[in-house]
Amino acid sequence: MNDSKPDSLLPLPTAVFHILIALADRDRHGYSIMQDVAARTGGKVQLSAGTLYSSIRRMLDQGLIEELAESPDPSSTDERRRYYRLTRFGKRVAAAEVERLNTLVQQARATGLVPGA
Amino acid sequence: MMRAEAVYKALLHCYPAPFRHEYGNQMLLVFAEQLGEARRTGGRLEQAALWVYAALDTLTIAPKEHWHVILQDVRYALRTMKASPSFTAVAILSLALGIGANTAIFSLWNGVLHSSLPAVHKPEQLMMLSNPDDTGMWTGRWDGRTDGPRSWLTYGEFEQLRDHAGGFSALMASQSSLITWQVRFEGGAWEEARGRLVSGEYFQVLGVSPAIGRTFTTADDRADAPYAVISYDYWQRRFGGSSEVLGKTVTIRAAALTVIGVGPSGFIGETSGQQPDLWLPLRTQPGVLPGKDWLHDTPPEKVMWLHVFGRLKPEVTPAQAEAQANAIFHAGLESFYGATASGERRREFLDQRLRILPGGRGASPVRNQFAHTLTALLAAVGVLLLIACANLANLLLARGAARKPEIALRLSLGASRGRLIRQLVTESLALAAMGGMAAIAVAYFLHGGLVRMIAESDPRFRMSFAPDPLVMAFTLAATLAAALLFGVFPAWQATKTGAGASLKEQSRGAIGSFRQMRTGRFLVSLQLALSLPLLVGAGLLARTVYNLQRADLGFPAERLLLVRVDLREALQDATRTDSLLRELLGQLQRIPGVRAASLSQLGVFSGGESSSSIEVEGYAPKGDHDRGSAVDVVGPGYFSTLGVPIRLGREILESDRREAPKVCVINEAFAKRFFDRRNPIGMRVASVDNDKRTAYQVVGVAKNARAQNLRGDVEPRFFVAAQQAPASAKSPTLLIRTASESAPVLAAVRKTIQRVDAALPILSAKSIEAQMAPLTAQDRTTAQLAVVFGCVALTLAAIGLYGVLAYGIARRRGEIAVRIALGARPGRVVSMILGETIGLVGAGLALGGGLAYAASHLIDSLLFGVAPQDPLTLVLATGLLLLVALSAAYLPARRASKLDPMVALRQE
């Protein structure tokens with residue numbers, strides 16, 4: 001689906017990385033992503049609706065996520081909700097971003113900038 | 001809650017429509033849930049914070065999303081452009097030509113006619129007390145018109161005004177003409193530099209400060225101040241911007257001056273279109289322009305040579321200042337002429353007055369001369385751009401029709417019409433932007449050509465192509481207007497039909513949309529209509545040039561050399577001048593290949609003029625201004641050398657010497673005006689110079705000849721013998737008639753002059769053709785440009801017509817195939833299509849004829865020997881347009897007639 005290399009998208013904007021993490025364990029709709037991000041960060045990161053959907057638009061364009069044709073939650077009463085799922089490419093990009101951050105952390109430790117673990 | 005949702009929905013309108021359609025509902029849903037959460041758990045503070053976030057969100061995210069859509073459209077536009085390179089090339093090229101021509105001519109039109117003096121402080125406050133359009137010097141010795149508004153002022157008059165005109169906060173004076181000097185900076189060689197003399201207040205009145213050093217002060221007018229200020233441009237060009245120039249000595253003629261300062265960057269002074277290298281104080285005149293005192297007036301002569309500029313005091317109106325200045329001016333005239341002039345002359349002199357005019361645009365010797373040409377050219381290129389736009393609109397219409405299936409598909413997939421129009425218009429904008437950028441290069445070259453055209457008429461004219469904000473705004477506006485003109489309508493059309501209809505139409509491949517065809521046909525008619533006035537204008541101007549170059553001068557304008565010599569050194573002694581000239585003419589006539597030689601004070605087409613106040617025997621002047629005539633001082637054999645036939649009597653001969661009875665020859669215009677049906681031979685014509693009267697007996701009448709102007713009527717003129725004139729000519733022109741090609745004789749002529757008097761300076765030496773070239777330069781360039789514009793218009797019209805027909809025929813393949821299958825002959829198919837074309841061509845030509853007629857007054861004043869409504873030119877232009885139109889129509893028609901019905905119908 002996407003022939004670009006994961007590295008070409010790095011570094012990921014914070015909002016995009018948070019959304020990728022939120023979608024890692026299950027498919028979610030927009031509000032659920034927001035709540036998940038807020039919960040994981042202890043309320044420190046609050047995505048706004050504009051930032052969220054602007055990011056989602058871009059991530060769909062880039063093939064990081066895909067929209068589900070129908071709701072994965074049959075009990076859901078609200079048909080207006082749209083659900084999103086991480087793509088295989090999205091997972092590779094997330095992994096590449098983690099790798100990038102890891103290297104950075106290791107370098108910071110190796111040079112003594114921060115104490116080693 | 002409902003109200004909150006409505007407010008948030010309104011906020012969503014800040015996002016681009018595609019984004020809003022896609023995610024608006026989701027965002028609303030999310031926001032509603034956030035708001036509900038805040039109401040349940042928090043208080044008003046949390047709710048307020050949510051709104052603030054939403055507002056900030058809109059401010060930051062919405063522009064990003066808009067930018068994203070624009071980029072997407074531009075990328076799409078570039079892809080489409082790449083997919084049809086020939087269309088893209090035609091579009092960019094025609095826009096570059098159209099917009100570039102408009103930019104160049106607008107820039108010059110604005111620069112010459114309208115823009116304020118560059119680098120001058122608050123130019124709109126500058127006032128001028130002399131005539132901005134005139135440059136030169138006049139001593140007021142003859143009386144053609146001595147009353148009325150004054151063109152220039154004398155130094156004395158300026159001093160009076162400067163010291164006593166209280167309505168002005170300051171006044172300054174500058175030499176009206178720009179002088180080319182040979183100058184030498186210490187340690188350097190002699191070189192050419194242009195400059196003018198200015199008063200001490202010059203720089204203060206113009207409100208400019210020096211880049212380095214200082215400028216002149218009022219004190220420099222009161223003492224002999226041997227100083228010079230150089231221009232910024234000259235400083236950079238000649239001295240590389242080094243401050244060591246300050247204190248350098250520059251030698252000009254008999255004066256040694258010290259450079260005290262450099263003018264500011266961009267400053268050219270008070271005359272538009274001229275770029276002086278240096279400014280010198282007025283008081284240096286006797287040193288730098290030796291030979292005559294221009295600073296003091298001795299009755300009856302005044303030396304008028306200065307432009308005067310000033311700034312009004314805040315509470316003073318121009319009318320008040322004018323009245324005050326005239327009171328001072330008249331008091332000066334009264335005391336100057338009171339004693340010397342008498343009667344009518346005195347009344348005329350005292351009737352002179354000053355007019356106060358806005359001076360912000362500065363003086364300009366070319367402004368009036370070129371106003372008409374530039375305005376007509378600006379109108380022409382405006383029309384050219386319209387034609388180019390109509391042409392592109394047409395091509396886009398055809399392309400829009402070809403893209404209908406794609407557009408229909410996108411509409412049926414849910415794209416909104418507004419979105420598609422936006423995308424199509426973005427394509428037009430991208431095309432126009434590329435055309436606009438290329439246009440700057442076109443403008444640069446065209447501007448250079450136009451400046452050279454003006455410089456041929458006035459060698460001192462300089463104006464570089466300055467992409468100043470106004471010119472750039474004009475280019476941008478022209479580009480945008482063009483894009484909207486040619487882009488919006490086709491986009492509107494292309495997205496008009498419903499999705500289903502268009503898809504169906506495509507699948508059937510049926511007869512084309514008639515409305516679309518109608519629009520295309522209308523645009524082609526419009527193009528033809530707009531092209532006709534351009535072609536007619538080009539034709540009229542081309543005929544003007546033809547007429548000018550073949551104008552009957554009254555003598556053969558070929559094989560004639562004009563050599564101007566400087567007699568000032570020899571002038572000390574009148575008899576020496578006589579013998580020198582006699583010797584010179586005798587020697588020149590002996591050169592092999594020379595048939596005759598004579599001389600004239602005025603020369604031929606020299607740009608100068610000389611007039612005298614006269615009294616004619618037996619003629620009672622009808623009015624105040626019926627007592628003057630043009631005059632020339634000529635050598636023996638002037639008429640036979642020039643080849644002007646003598647109608648009555650004889651010409652000026654060798655025997656008309658200083659001591660012989662004074663004689664003159666008059667031209668037919670003179671005879672007609674002053675002698676009517678009387679025989680002029682033997683009558684007396686007296687030239688009156690104030691109270692000095694010199695009478696000449698008329699000995700001959702020469703045929704009217706044009707030796708000074710190509711246009712207008714031949715003026716009455718009388719010719720007196722060189723040796724009998726009251727004052728000898730200072731720099732006469734030797735007229736040398738050669739037997740064959742004159743160029744090879746020139747070297748021998750130079751050698752002969754040197755042999756006769758090695759110290760005699762030759763001021764200029766050229767053939768009559770070279771001498772006359774500048775006279776028609778403006779006409780030639782205007783005509784050339786008009787012809788180029790006409791050809792471009794014709795080409796575009798042909799492309800438009802061809803495009804519309806080819807497209808229409810392609811859409812009608814089925815119908816034509818059926819006709820052929822039913823037995824229609826190829827000739828009949830061709831004539832059917834040509835017949836359909838005649839209608840739209842006819843409508844275009846009829847409208848164009850009307851436009852050409854209405855626009856003819858625009859170039860009326862530029863024409864010579866041809867009427868603006870000349871039927872022949874109109875018929876020829878119409879014929880040419882018709883021919884091109886039918887040729888453009890014939891190609892697709894012929895192709896249609898060769899259609900193989902089986903193949904065509906199978907494709908359907």
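Select chain A to begin: it has four helices and three strands. Helices (H or I, at least four residues) and strands (E, at least two) are DSSP runs, numbered from the N terminus. This is a predicted model, in which local features need pLDDT of at least 70 and side-chain atom pairs count only at pLDDT 80 or more, while totals for chains, interfaces and linings use all residues. Residues are numbered from 1 along each chain as its sequence is written, and chains are lettered from A and ligands numbered from 1 in the order in which they are written.

**Chain A**

Read from the N terminus, the elements of chain A follow the order α-β-α-α-β-β-α. The C-alpha trace of chain A spans about 55 × 35 × 25 Å along its principal axes.

Go next to A:Leu10 and A:Pro11, which are joined by a cis peptide bond with omega of about -10°. A:Pro11 lies in the segment before helix H1 (14–25) of chain A. For background, most peptide bonds are trans.

Now show H1(A) together with H3(A). Two packed helices are described by the angle between their axes and the distance between the axes. Here the angle is about 80° and the axes are 10 Å apart. Axes are lines fitted to C-alpha atoms, for helices over the stretch in contact, and angles run from 0 to 180 degrees between N-to-C directions. H1(A) is therefore roughly perpendicular to H3(A). Angles under 35 degrees count as roughly parallel, over 145 as roughly antiparallel, 65 to 115 as roughly perpendicular and the rest as oblique.

To see where they meet, select A:Ala15, A:Val16 and A:Ile19 of H1(A) with A:Thr51, A:Ser55 and A:Met59 of H3(A). The residues of this contact are four nonpolar, two polar and no charged. Ala, Val, Leu, Ile, Met, Phe, Trp, Tyr, Cys and Pro count as nonpolar, Asp, Glu, Lys and Arg as charged, and the others, Gly among them, as polar.

Move to the strands of chain A. Three of them form an open sheet in the order E1-E3-E2, with antiparallel pairing. Strands E1 (28–29) and E2 (65–67) are at the edges with a single partner strand each, so one side of each has no neighbour in the sheet. E2(A) pairs with strand E3 (residues 83–86) of chain A over three bridges, in the antiparallel sense; two strands pair if DSSP finds at least two bridges between them. To check the register, select A:Glu67, whose bridge partner in E3(A) is A:Tyr84.

**Where chain A touches chain B**

Display both chains. In all, 14 residues of chain A are in contact with 16 residues of chain B, where contact is defined by C-beta atoms, placed from the backbone, that lie within 7 Å. On the chain A side, helix H2 (30–40) and helix H3 (49–62) are the elements that give two or more residues. H3(A) gives the most, with seven residues. The residues on this side of chain A divide into five nonpolar, five polar and four charged.

Keep H3(A) and add helix H2 (residues 17–41) of chain B: the two pack at an angle of about 140°, with axes 10 Å apart. They are therefore oblique to each other.

The residues to select are A:Ala49, A:Gly50, A:Leu52, A:Tyr53 and A:Arg57 of H3(A), and B:Phe19, B:Tyr23, B:Gln26, B:Met27, B:Val30 and B:Phe31 of H2(B). This contact is made up of eight nonpolar, two polar and one charged residue.

**Chain B**

Hide chain A. Chain B has 26 helices and 24 strands. Its radius of gyration is 37 Å, well over the 29 Å that the globule rule gives for 908 residues, so chain B is more spread out than a compact globule. The radius is taken over C-alpha atoms, and the rule is 2.2 Å times the number of residues to the power 0.38. The C-alpha atoms of chain B fill a box of roughly 115 × 85 × 55 Å along the principal axes.

Select helix H12 (residues 367–402) and helix H22 (residues 768–811) of chain B, which pack at about 15° with axes 9 Å apart. H12(B) is thus roughly parallel to H22(B). Their contact contains 19 nonpolar, seven polar and no charged residues.

Next, select B:Ser613. In E17(B) the bridge partner of B:Ser613 is B:Gly628, and in E20(B) B:Ser613 stands opposite B:Val688.

The last stop is B:Lys122, in the loop between helix H4 (85–114) and strand E1 (126–128) of chain B. B:Lys122 is not a glycine, yet has a positive phi of about 40°.

Note on methods
Contact = placed C-beta atoms within 7 Å.
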